[in-house]
Amino acid sequence: MTEICELEASILYLFKEQTYPGRCVVAYKNAHKEEIFELSDAERELFTKDVARVAKAVKTAFNAGKINYGAYGDKMPHIHFHIVPKYEDKPKWGSTFDMQPDEKVYLTEEGYAEIANKIKANL
């Protein structure tokens, strides 16, 4: 992942694998928190505000048909949400997105920078 920017309660990262153009991760800043229920009400409010802000920015920047959210932590025990834009004419529309699709899409550094800039412009 590549860091896009720091938000109020989290850090926004661009996911390197871009089968779903604009896919990113919102990671809670405090690395010692593993579960969302470990957050205080105030911490949870700030974090979910960041998640919503990023989701709106991604949907706007890439004209996504729907945003999927993934909160997995088996291998990365740290609170984070995958923000995954879905498109009607793209893979897995109408079903769960693939965390690791068979045919992966990787971009050039310029391609990643373009996506990151589109997201930042809509935050």
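A nonpolar core is a set of buried Ala, Val, Leu, Ile, Met, Phe, Trp, Tyr and Cys residues joined through side-chain atoms within 4.5 Å. The model discussed here is predicted.

Q: Which residues touch the most other members of the largest nonpolar core?
A: Leu12, Phe47, Val54, Val58, Ile83 and Ile119 do so, in a core of 26 residues. Two or more residues come from each of β1, β2, β3, α1, β5 and α2. The most, six residues, are given by α1.

Q: What does Val54 touch, beyond residues up to four places away in sequence?
A: Contact requires heavy atoms within 4.5 Å. Val54 has such contacts with Leu7, Leu12, Cys24, Val26, Ile83 and Leu123.

Q: Why are β1 and β4 said to stand at the edges?
A: The open sheet has five strands in the order β1-β2-β3-β5-β4, paired antiparallel. β1 (2–6) and β4 (66–70) each have a single partner strand, so one side of each lacks a neighbour in the sheet. Neighbouring strands are turned by 25° against each other on average, direction ignored.

Q: What makes β3 and β5 a pair?
A: Pairing requires at least two bridges between the strands. Four bridges join β3 (residues 24–28) to β5 (residues 80–86), therefore the criterion is met. These two strands run antiparallel, and Val26 stands opposite Phe81 in β5.

Q: Which strands does helix α1 touch as it packs on the sheet?
A: Helix α1 (residues 41–62) touches β2 (10–14), β3, β4 and β5, and its direction makes about 165° with that of β3. Helix α2 (residues 109–121) also packs on the sheet, touching β1, β2 and β3, with its direction at about 140° to that of β2.

Technical notes
Residues are numbered from 1 along each chain as its sequence is written. This is a predicted model: local features need pLDDT of at least 70, side-chain atom pairs count only at pLDDT 80 or more; totals for chains, interfaces and linings use all residues. Side-chain values use heavy atoms; hydrogens and water are left out. Axes are lines fitted to C-alpha atoms, for helices over the stretch in contact, and angles run from 0 to 180 degrees between N-to-C directions. Buried means under 20% relative accessible area, exposed over 50%, partly exposed in between (1.4 Å probe, protein chains only).
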